[in-house]
Amino acid sequence: MIRRLLPHPWLSVTLVLVWMALVNRWAVGSLVFAAIIGVVVPLITAPYWPGAKGFRAPGRIPAYLAIVLWDIAKANFAVARIVLFMPRRALQPAWIVVPLDLRQPEAITALAATITLTPGTVSCDLSEDGRALLVHAMHAPDPDAVLDEIKTRYEARLKEIFE
């Protein structure tokens, strides 16, 4: 019965938390409306997620988020240094093809979002078969190092969480 009412409980919790953060007010009416959104949206979208498996290790999500937030903070300073002090001719942008071990669409989306949220990199395209991600790095003197960091720092952890 609960699974019918909440087909995607993590999505429901996320929607409630995001709504409450957006409203920026902890009132009963806001919480009731957030709960309604948290129930209705997953119910409406459930038919579009026929093979969703969910998380294998949800307890690892906080550590992953901490790593991502730390990397975002570091990358902000690195990009600021590049923009402010590096001559344009010294910039070494690169297109990097990241072969994916991830297979779940949600995990691939999380990886692409992580890359794009990190200043200096952006996920640009996913291959038709979903086995490679095209990433642009603003300054990558060693593209292999960027690829290795994406694979070991992000993809490996997402694989533990999702698959």
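Mentor: Let's start with the words for accessibility: a residue is buried when its relative accessible area is under 20%, exposed when it is over 50%, and partly exposed in between. Keep in mind that this is a predicted model.

Trainee: Thanks! Why is glutamate 106 called partly exposed?

Mentor: Glutamate 106 has a relative accessible area of 29%. Partly exposed is the class between under 20% and over 50%, so with 29% glutamate 106 is partly exposed. You will find glutamate 106 in helix α5.

Trainee: How far apart in space are glutamate 106 and leucine 147?

Mentor: Their C-alpha atoms are 20 Å apart, with their places 41 residues apart in sequence.

Trainee: What makes leucine 126 partly exposed?

Mentor: The reasoning is like that for glutamate 106. Leucine 126, in strand β2, has a relative accessible area of 38%. That value is neither under 20% nor over 50%, so leucine 126 is partly exposed.

Trainee: Which residues does leucine 126 touch, leaving out those up to four places away in sequence?

Mentor: Leucine 126 touches Leu100, Ile108, Ala132 and Leu133. A touch here is a contact, with heavy atoms within 4.5 Å. Histidine 8 makes a good comparison: the C-alpha atoms of leucine 126 and histidine 8 are separated by 25 Å, and the two residues are 118 apart along the chain.

Trainee: Now threonine 118. How do you know that it is buried?

Mentor: Its relative accessible area is 10%. The cut-off for buried is under 20%, so threonine 118 counts as buried. Threonine 118 sits in the loop between α5 and β2, and it touches Asp71, Ile72, Ala75 and Tyr154, if we skip residues up to four places away in sequence.

Trainee: Where does threonine 118 lie with respect to the second largest pocket?

Mentor: Threonine 118 is among the lining residues nearest the centre of that pocket, along with Ala75, Pro119, Thr121 and Glu149. The pocket has a volume of about 510 Å³, and 22 residues line it. Of these, α4 gives the most, with seven residues. By class, the lining has 14 nonpolar, four polar and four charged residues.

Trainee: What surrounds the largest pocket?

Mentor: It is lined by 30 residues, with Trp10, Thr14, Phe55, Ile61 and Phe162 nearest its centre. The space in this pocket is about 900 Å³. At least two lining residues come from each of α2, α4, α5 and α6.

Trainee: How many residues of that lining are nonpolar?

Mentor: There are 21 nonpolar residues, next to six polar and three charged. Trp and Phe, for instance, count as nonpolar, whereas Thr counts as polar.

Trainee: How do you know that the length of α2 agrees with what a helix should span?

Mentor: We set the expected span against the model. The expected span is 1.5 Å times one less than the number of residues. For the 15 residues of α2 this gives 21 Å, and the end C-alpha atoms are 21 Å apart, so the two agree.

Trainee: What comes after α2?

Mentor: Asparagine 24 follows, with a positive phi near 60 degrees. Most residues other than glycine have a negative phi. Asparagine 24 has its positive phi although it is not a glycine. It lies in the loop between α2 and α3.

Trainee: Is asparagine 24 buried or exposed?

Mentor: Exposed: its relative accessible area of 69% is over 50%, so asparagine 24 falls in that class.

Trainee: Which residues does the UniProt record annotate as "transmembrane region"?

Mentor: The unreviewed UniProt entry gives residues 30-49 and 61-84. In the model, residues 30-49 are 80% helix and 0% strand, with the end C-alpha atoms 28 Å apart. Residues 61-84 are 100% helix and 0% strand, and there the end C-alpha atoms are 34 Å apart.

Trainee: What does the protein chain look like as a whole?

Mentor: The chain has six helices and three strands, in the order α-α-α-α-β-α-β-β-α. Its C-alpha trace spans about 60 × 40 × 25 Å along its principal axes. Of its 163 residues, 29% count as buried.

How values were computed
Residues numbered from 1 in each chain as written. Predicted model: local features only at pLDDT ≥ 70, side-chain atom pairs only at ≥ 80, totals over all residues. Heavy atoms only, no water. 1 Å grid on protein atoms, 1.4 Å probe; cavity = no way out; pocket = protein on both sides within 12 Å on 5 of 7 lines; lining within 4 Å. Points joined across faces, edges and corners; volume = space filled by probe spheres on them. Helix = DSSP H or I, 4+ residues; strand = E, 2+ residues; numbered from the N terminus. Buried < 20%, exposed > 50% of the residue type's maximum accessible area, 1.4 Å probe, protein only. UniProt positions renumbered as here; feature names shortened; annotations may be inferred.
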